[in-house]
Amino acid sequence: MTDTGRELAQMAYFLEDAGSLAPSAMAMLYGQREVEAYLEDRVAAEIIKDGADGISFLGTVWNEEDSVLTLRASFQAVLPPWILWFRPVQISVERSVRGFTGFAGRSGIPEIEDSEIVYVTDHGTVYHRDLGCRHLKLSVQQTELDKVEELRNGDGAKYYPCERCWKEGSEIVFLTEEGNRYHQTLNCSSLVRGIHAVRLWETGGLPPCSVCGG
């Protein structure tokens, strides 16, 4: 949803000039296609009732007045049939981004094509100006759970269980000096980072990194 929202933010100029197809409808169709492609052959699709086809994007809207896209998706989460007591749970997800709809240029300011190159990660909440920023280079360490309480990260903060991957029962954990969470698996999305070089205006309004953002 986040990646699709960023892509649609870059396509906002074309959404406003969509012709007979309403911009909101175009955004909804594109968002549905991208999310379905992402879920293809992924285990995550198995907990969604009817798989990718069970996701509704009704409510997605493109506000032409302030150029803000709100991408909405809703679906029912289900568990394997042998867990008879579990009933489907309705889940809704929403992402809002401000679209790029053009830049006329001002005296002394370069054209948008010359905008600064910055770096973002797949699940990041900031952009980076320095590719060598310590927040982009995760140094993963392995340790025992009973030792975590005594450890501190690079900023002197304590470690807490990761909200994405942690489950009780593991004796070995993974952590980094840059983060403040410990993880049960090396495959956790918080530890696997894809770094992308983008123009500053393509970050969708992300704030700068506190270390290298300047």
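This passage describes the cysteines, a charged surface patch and one loop residue in a predicted model.

The cysteine pair formed by Cys133 and Cys212 was examined with respect to disulfide bonding. The sulfur of Cys133 has its closest cysteine sulfur in Cys212, at 3.7 Å, and the sulfur of Cys212 in turn has its closest cysteine sulfur in Cys133. Because a disulfide requires the two sulfur atoms to lie within 2.5 Å, this separation of 3.7 Å is too far for a bond, and the count for the model comes to zero disulfides. With regard to solvent exposure, Cys133 has a relative accessibility of 3% and counts as buried, and Cys212, with a relative accessible area of 14%, is likewise buried, since the term applies to values under 20%.

On the surface, Glu144, Asp146, Glu150 and Glu171 together form a negative patch. Of these residues, Glu171 is placed in the loop between strand E6, which spans 160-161, and strand E7, which spans 172-176. The relative accessible area of Glu171 is 65%, so this member of the patch is classed as exposed, the threshold for that class being over 50%.

A further acidic residue, Asp50, is found in the loop that runs between helix H3 (23-39) and strand E1 (61-63). Asp50 also counts as exposed, because its relative accessibility is 61%. In sequence, Asp50 is 25 residues apart from Phe75, whereas in space the C-alpha atoms of Asp50 and Phe75 are 9.2 Å apart.

Methods
Residues are numbered from 1 along each chain as its sequence is written. This is a predicted model: local features need pLDDT of at least 70, side-chain atom pairs count only at pLDDT 80 or more; totals for chains, interfaces and linings use all residues. Side-chain values use heavy atoms; hydrogens and water are left out. Buried means under 20% relative accessible area, exposed over 50%, partly exposed in between (1.4 Å probe, protein chains only). Patches are made of residues with over 30% relative accessible area and no salt bridge: like charges are joined within 9 Å, nonpolar side chains (Val, Leu, Ile, Met, Phe, Trp, Tyr) within 5 Å. Accessible areas come from the Shrake-Rupley method with a 1.4 Å probe; for residues, only the protein chains shown count as cover. A salt bridge is a side-chain nitrogen of Lys or Arg within 4 Å of a carboxyl oxygen of Asp or Glu. Lys and Arg count as positive and Asp and Glu as negative; His and the chain ends are not counted. The place of a charge is taken as NZ of Lys, CZ of Arg, CG of Asp or CD of Glu. Helices (H or I, at least four residues) and strands (E, at least two) are DSSP runs, numbered from the N terminus.
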